[in-house]
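Q: Please take a close look at the cysteines in this model. I would then like the answer to move on to the packing of the interior.

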Amino acid sequence: MPSLKKEWIAALSSPEQGERVAAAKQIYAVGRSLADSATQRWRQNDEFLRLLGKDPEITVGLAVRPETFAQIREANGWPQLAQVPPEQDASEFTLRFEGGATLDVLTSRDPEGSGAIAKFLSKFGEDIQQVEFSCCDVNRATAILRDRFAVAPVYPEARPGADGTRVNFFLADGADGKKALIELYEPAAIRFD
């Protein structure tokens, strides 16, 4: 499995759009490879696959330090920040590139804090932190993963996520023994509650 190269992260803040696009596609490909490996068995379940949809939207979440976050955001025209619940101690924005490569760029509001992104950056440095799959019913998908695949969710039920989504997270085994944090999210627009 390919690994993330630090120069790709740096290239996301290049003044050259072509360099940013190429770097984003490389980062996305690495994240997709990790997620595809980690979720391969899950996607063989017909009900779970229906919850993801025929062509699920997949986003690679890249955790970076606050200074890198600011540089990438500036180079990409100051994309709007997501509305992240305060208890998650994170800032994020989304970058969409041609060919379907979508990245969520994440950082900690408090780099010395105890939030998930701060802990991740302290332990792993700048890297792919999660891969996100759009899902029409996160609680049902959680039940399938827990009951049929013995995959423990991070939370017993979906909880509020960025921009009104509902989310849950799963630590899954990828190729080469590498772990992948998979986020399932219900976009606010399709929720029925």
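A: In this predicted model, a search of the whole structure returns zero disulfides. Cys135 is not bonded because its sulfur is 5.5 Å from the closest cysteine sulfur, in Cys136, which is too far for a bond. Cys136 is likewise in no disulfide, the nearest cysteine sulfur being that of Cys135. As to exposure, Cys135 is buried, with a relative accessible area of 1%, whereas Cys136 is partly exposed, at 36%.

The interior can be described through its nonpolar cores. The largest contains 46 residues, and the members that touch the most others are Ile27, Trp42, Ile182 and Leu184. Helix 2 (residues 17-39) gives the most to this core, with nine residues. Beyond its neighbours within four places in sequence, Ile182 is in contact with Ala35, Thr39, Trp42, Val131, Phe133, Asn168, Phe169, Phe170 and Ala172. Another core, of nine residues, lies apart from the largest one; among its members are Ala63, Ala82, Leu106 and Ile117.

Ile117 also belongs to helix 5 (residues 116-124), in which Ile117, Ala118, Phe120 and Leu121 are buried. Viewed down the axis of helix 5, the buried residues fall within an arc of 165°, so they line one face of the helix. On the other side of helix 5, Ala116, Lys119, Ser122 and Lys123 are exposed. The cover over the buried residues of helix 5 includes strand 1 (58-63), strand 2 (90-96), strand 3 (102-108) and strand 4 (127-134). After helix 5 comes Gly125, with a positive phi near 75°.

Notes: Residues numbered from 1 in each chain as written. Predicted model: local features only at pLDDT ≥ 70, side-chain atom pairs only at ≥ 80, totals over all residues. Heavy atoms only, no water. Core = buried A, V, L, I, M, F, W, Y, C linked by side-chain atoms within 4.5 Å. Buried < 20%, exposed > 50% of the residue type's maximum accessible area, 1.4 Å probe, protein only. Helix = DSSP H or I, 4+ residues; strand = E, 2+ residues; numbered from the N terminus. Contact = heavy atoms within 4.5 Å. Arc of directions from axis to C-beta. Disulfide = S-S within 2.5 Å.
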